[in-house]
Amino acid sequence: MSILPNTPRSSSFSRRIRQCHRLLSILFTLTVVANFVAMARGEPPAWITYSPLLPLALMLLTGLYLFALPYIHKWRERGSEA
C-alpha cells in the first residue's frame, strides 16, 4: 500500500490530492472574498474572520505533499538502481 509514485494506487492518490488542493484553493478564495464583503459592512463575526484558516491549513498539508512528490520520486529511482 504505497503512496509513492510508480504504482497505480499512488497515481490515483496523487490525483485525488491534487484535485482536493484545487478545490481547497477555490474554497479559500471564496472565504477570503466573503471576509472582505463582511468587513465592508462593519465588524464581521469571528467565525467569518477565521473561516479562511481551515482551508488554508489543509492547503498547506496538500501543498507540502505535492511539493515533496518529485523529490520522493527521484529518491525512489536512485534506491532502485542500487
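**View 1. Thr31 and its contacts with Ser51 and Pro52 in the predicted model.** Leaving out residues up to four places away in sequence, Thr31 touches Ser51 and Pro52 in this model, which is predicted. Thr31 itself lies in helix α1, the helix that covers residues 8–40. Thr31 has a relative accessibility of 13%, and because buried means under 20%, Thr31 counts as buried.

**View 2. Arg18 beside Leu66 and Leu69.** Arg18, like Thr31, has its place in helix α1. When neighbours within four places in sequence are set aside, Arg18 is in contact with Leu66 and with Leu69. Although Arg18 and Leu66 are separated by 48 residues in sequence, their C-alpha atoms are 7.4 Å apart in space. The relative accessibility of Arg18 is 37%, and since partly exposed covers the range between the 20% limit for buried and the 50% limit for exposed, Arg18 counts as partly exposed.

**View 3. A nonpolar surface patch that includes Leu23.** Three residues, Leu23, Ile26 and Leu30, make a nonpolar patch of about 310 Å² on the surface. Of these residues, Leu23 can be placed in helix α1. For the protein as a whole, the accessible surface comes to about 6400 Å², and 70% of that surface belongs to carbon and sulfur atoms.

**View 4. The stretch listed as a transmembrane region, residues 52–72.** An unreviewed UniProt entry lists residues 52–72 under "transmembrane region". In the predicted model, the chain over residues 52–72 is 95% helix and 0% strand, and the C-alpha atoms at the two ends of this stretch are 30 Å apart.

**View 5. The whole chain, with its helices and the confidence of the prediction.** The protein contains 3 helices and 0 strands, and when it is read along the sequence it follows the pattern α-α-α. Among its 82 residues, 21% count as buried. If one takes the contacts in the protein with a separation of 6 or more, residues 24 or more positions apart account for 66% of them. The average pLDDT of the protein is 88, and 87% of the residues score at least 70. Where among the helices is confidence lowest, and where is it highest? It is lowest in helix α3, residues 53–81, where the mean is 91, and highest in helix α2, residues 46–50, where it is 94.

Note on methods:
Residues numbered from 1 in each chain as written. Predicted model: local features only at pLDDT ≥ 70, side-chain atom pairs only at ≥ 80, totals over all residues. Heavy atoms only, no water. UniProt positions renumbered as here; feature names shortened; annotations may be inferred. Helix = DSSP H or I, 4+ residues; strand = E, 2+ residues; numbered from the N terminus. pLDDT = per-residue confidence, 0-100. Buried < 20%, exposed > 50% of the residue type's maximum accessible area, 1.4 Å probe, protein only. Contact = heavy atoms within 4.5 Å. Patch = residues over 30% accessible without salt bridge, like charges linked within 9 Å, V, L, I, M, F, W, Y side chains within 5 Å. Areas by Shrake-Rupley, 256 points an atom, 1.4 Å probe, with all protein chains shown as cover. Salt bridge = Lys/Arg side-chain N within 4 Å of Asp/Glu carboxyl O.
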